Structure formats: C-alpha cells, structure tokens
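This report looks at how one pair of helices packs and at how aromatic rings pair up in the structure shown here.

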Amino acid sequence: MTSSVRPTTIALATVGALTTGCLAYAIYFDHKRRSDPEFRKALKRESRRIAKAEKEEAEENAGRQKQTIRSLVSSAQEEGFPSSVEEKETYFMTAVGRGESLCQNESTHVEAAFSFYKALKVYPQPGDLITIYDKTVPKPVLDILADMVAFDGSLTIGSDAGAVDE
C-alpha cells in the first residue's frame, strides 16, 4: 500500500516552517537588540540617520513650497483681478468652487489655497471671508493660504484694515 502526502499537509507544513522561521528571527533580533551594545548603537545610528534625512527632506519640501507660493502670488498680482462688481462676483464664485473641489485631494492643496487666495483678493471684506475659511477649509490648505496672504503686502485683513497709522 502506497501512502501519498496530501497537498494540504504540504501547505500546512510549509506555512508552519515559515512562521517558525519568522518567529525565531524575531526572538533572535530582540535578544541581539537587548544584549549587544554594538548592535544597539548601530540601530540608534541608523534611526538618527533616517530621522535626519526625513528632516532635511521636509525642510527642502517646505522651501520648495514657499517658492511656489511666492511665484503663484506674483503671477496672480501680475494678471490682475476683475474690477466690476459682476465680474468680481463671478470670479469669486468660480475661485471658491474650484478651491473646494481641489482641497479634497492632498496633492492639490497648493492649488486649492491659490484658488481661495484669488477669491479672497476680490472679496469686499477679506477678514470676514478668512473667518469663514477657518470653519470650512482644511487646516493644511488654510496654512498655505496664510503663507500666501503673508507674501501679499497689498492685502489687508483685520478690523483695522481701514485704519491709518499715525
């Protein structure tokens, strides 16, 4: 009588061997991490190296984003904004609608903030619109918008917008 091994038995044995191997490696790694000072130092060095690289990349991205914001604000100022009330209203509604649709996607937050910035430029009372944005616009988009407002020296926001320094 010949005995054959069933495929499920082979599969279970393979899965069991792989699981045992992974568990043994985890136990070995934990033991090595706890007992070997050189291994701990190497892990710390690697962790610091990764953290430093991530920090540098974040700073580089922030710098790139600031440059993009500057160029967008400059281009908007060069293009100009509508002057008649009807054109401003249409421009405002279009810009806000575009900003709302763009802020749903994380990769288009700068474009969304730029649309909200354009709407802010034509709105008669920008301080009131900023209050509305605070309640409705996601924080990352709002932060980018704040940078855009900071780069634009011609835009005055606040209760003392009409006041003149003496």
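His 109 is found in helix α4, helices being DSSP runs of H or I with at least four residues, numbered from the N terminus. The model is predicted, so that local features need pLDDT of at least 70 and side-chain atom pairs count only at pLDDT 80 or more, while totals for chains, interfaces and linings use all residues. Residues are numbered from 1 along each chain as its sequence is written, and side-chain values use heavy atoms, with hydrogens and water left out.

With a relative accessibility of 12%, His 109 counts as buried (under 20% relative accessible area; exposed is over 50% and partly exposed in between, with a 1.4 Å probe and protein chains only). Leaving aside residues up to four places away in sequence, His 109 touches Cys 103, Pro 140, Val 141 and Ile 144, where contact means heavy atoms within 4.5 Å.

A search of the whole structure finds seven aromatic pairs, in which ring centres of Phe, Tyr or Trp (its six-membered ring) lie within 6.5 Å, with planes under 30 degrees apart counted as stacked, over 60 as edge-to-face and the rest as tilted. Two of them are the following pairs.

| Pair | Centre to centre | Angle between planes | Class |
|---|---|---|---|
| Phe 81 and Tyr 91 | 6.1 Å | 85 degrees | edge-to-face |
| Phe 92 and Tyr 123 | 5.1 Å | 35 degrees | tilted |

Phe 92 lies in helix α3 and Tyr 123 in the loop between α4 and α5 (126-136), so this pair ties together parts that are 31 residues apart in sequence. Phe 92 is buried, with a relative accessible area of 16%, whereas Tyr 123 is partly exposed at 26%.

Methods
Helices (H or I, at least four residues) and strands (E, at least two) are DSSP runs, numbered from the N terminus.
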